Amino acid sequence: MKVVVIGGGAVGSAVALFLKRLGGADVAVQVIEPDPTLRQASSALSAGSIRQQFSNAVNVQMSRFGHELLAQADEWLGVDGAPVALGFVPGAYLFCATDADALLANHRVQQAEGVAVALLTPAELGQRFAWLRCDDLALASLGLAGEGWFDGEAWARAIAHKARSLGAQWRRAKVVGLERRGARLQAAVLDDGSRVEADAFVNAAGPWAGAVGRLAGLDVPVHARRRTVFALRCPTALPQTPLVVDPSGVWFRTEGAGFIAAWSPGPDDEDPDDLPLEPDLTQFEQKLWPALAHRVPAFEALRVSRAWAGYYEVHAMDHNAIIGPHPDCPNLLLANGFSGHGLQHAPAAGRGVAEWILHGRYQSIDLSALGCERVLAKRPLIEQAII
Ligand SMILES: Cc1cc2nc3c(=O)[nH]c(=O)nc-3n(C[C@H](O)[C@H](O)[C@H](O)COP(=O)(O)OP(=O)(O)OC[C@H]3O[C@@H](n4cnc5c(N)ncnc54)[C@H](O)[C@@H]3O)c2cc1C
């Protein structure tokens, strides 16, 4: 069997890795990726964090598998016994809420999935994090295991390296056409003029998934939405800092001796598609600083060291990934629209897509709740814990 994977970020690389792990010599895998440096790829521009605190069981299960690969990277991703350096720092997410109900609902899902989370009242929060302003919060949830942060680019590269060591081939090119006859894709046309035939094709083009879908005449509703991340310095050290998600949509966490932080627009905020990948420096004064200094008075003294921008690949209907065969063209598999949590879900998505291609069904985590059918039927799988 021949499979073409379109896009060689963390997700495409994970698809290739699991196709070779599960299919061995029976499957020939070509990953088509125009930029081996991943300069604009989300995998290299992310905040590189992992959490177990989602409000859907399938997202929790995917994160659990992502954490397994991170925590046991040498076993899963090592090549020839060389250690795998991902800079993984075990940590915790702290979701702060002014309305306790949403957190309580999420907590019920997390408990059913065996996720270790502590719910903290404002008084308990104040005792644990003396630097945090809590008087306007109703409740917070703190992850107790399976969360932290890592080097996203190193993660994508390690997954790709392992896939190559198992025989997956990388080709430096861009897919500019997809030849479709009826309900089947037959070949990808590359920008060097060549054609690659295959039995199955995987759209792993991250924020550009919509454009790849259009090459096959299909609507893949994924939007490239710019997010600016700021690296910050603060003269006051904050002990035991989790990744704090503020009700304002601003989050921050430690990064080395300083912090990184960003703002995600809410449903009523403007969030245009395809803005150039330049950081929006005005966001610091307009959005981040007021929220950060409110939540942590010591952050009044924050200074910006640098900033960068990357694209969230947003699936606006429900902010959840679209994974699996496209019903109108079943040999095109989607692994798209992760909406800001695709690095941690790359291994589970890659394994699931590989299982589907090789066996026609999911064998480990059942990803059918994330299938394209819900998208076409406009039946959202609502995720409450959106960042
Ligand atoms: C600021 C920011 C913070 C984030 N924080 C987190 C986080 O903390 N945790 C987390 O889990 N996720 C996070 N994410 C999301 C995460 O980075 C993405 O979900 C993930 O990297 C998606 O991986 P991907 O491989 O699908 O896409 P990408 O890494 O973007 O890779 C897609 C690749 O497809 C290639 N491509 C595009 N078009 C074509 C074509 N026509 N032919 C061939 N190749 C093509 C591109 O060159 C690119 O390399 C964040 C994202 C951003 C921007």
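The following legends describe close-up views of a predicted model.

**View 1. Strand β2 pairs with strands β1 and β9.** Strands β1 (residues 2-6) and β2 (residues 28-32) run parallel and are joined by five bridges. Within this pairing, V4 stands opposite Q30 in β2. Between the two strands the chain passes through helix α1 (residues 10-23), and the resulting β-α-β crossover is right-handed. Strand β2 is also joined to strand β9 (residues 169-171) by three bridges, again in a parallel arrangement. Here V31 has W170 in β9 as its bridge partner.

**View 2. A salt bridge joins R157 and E153 within helix α7.** The N to O distance between the two side chains is 2.9 Å. Both residues belong to helix α7 (residues 152-165) and lie four residues apart, about one turn of the helix. R157 is partly exposed, at 35% relative accessible area, and E153 is likewise partly exposed, at 29%.

**View 3. A salt bridge connects E179 with R195.** The side chains of E179 and R195 meet at 2.7 Å, N to O. This pair links distant parts of the chain, with E179 in strand β10 (residues 175-181) and R195 in strand β12 (residues 195-197), 16 residues apart. E179 is partly exposed at 27% relative accessibility, and R195 is partly exposed at 42%.

**View 4. R225 and D271 form a salt bridge.** Their closest N and O atoms are 3.7 Å apart. R225 lies in strand β14 (residues 223-233) and D271 in the loop between β17 (258-263) and α9 (282-295), so the salt bridge ties together parts 46 residues apart in sequence. R225 is buried, at 14% relative accessible area, as is D271, at 19%. A network of salt bridges links R225, R227, D271 and D273.

Terms used
Residues are numbered from 1 along each chain as its sequence is written. This is a predicted model: local features need pLDDT of at least 70, side-chain atom pairs count only at pLDDT 80 or more; totals for chains, interfaces and linings use all residues. Side-chain values use heavy atoms; hydrogens and water are left out. Two strands pair if DSSP finds at least two bridges between them. A crossover is right-handed if, with the strands pointing away from the viewer, the path from the first strand over the helix to the second runs clockwise. A salt bridge is a side-chain nitrogen of Lys or Arg within 4 Å of a carboxyl oxygen of Asp or Glu. Buried means under 20% relative accessible area, exposed over 50%, partly exposed in between (1.4 Å probe, protein chains only).
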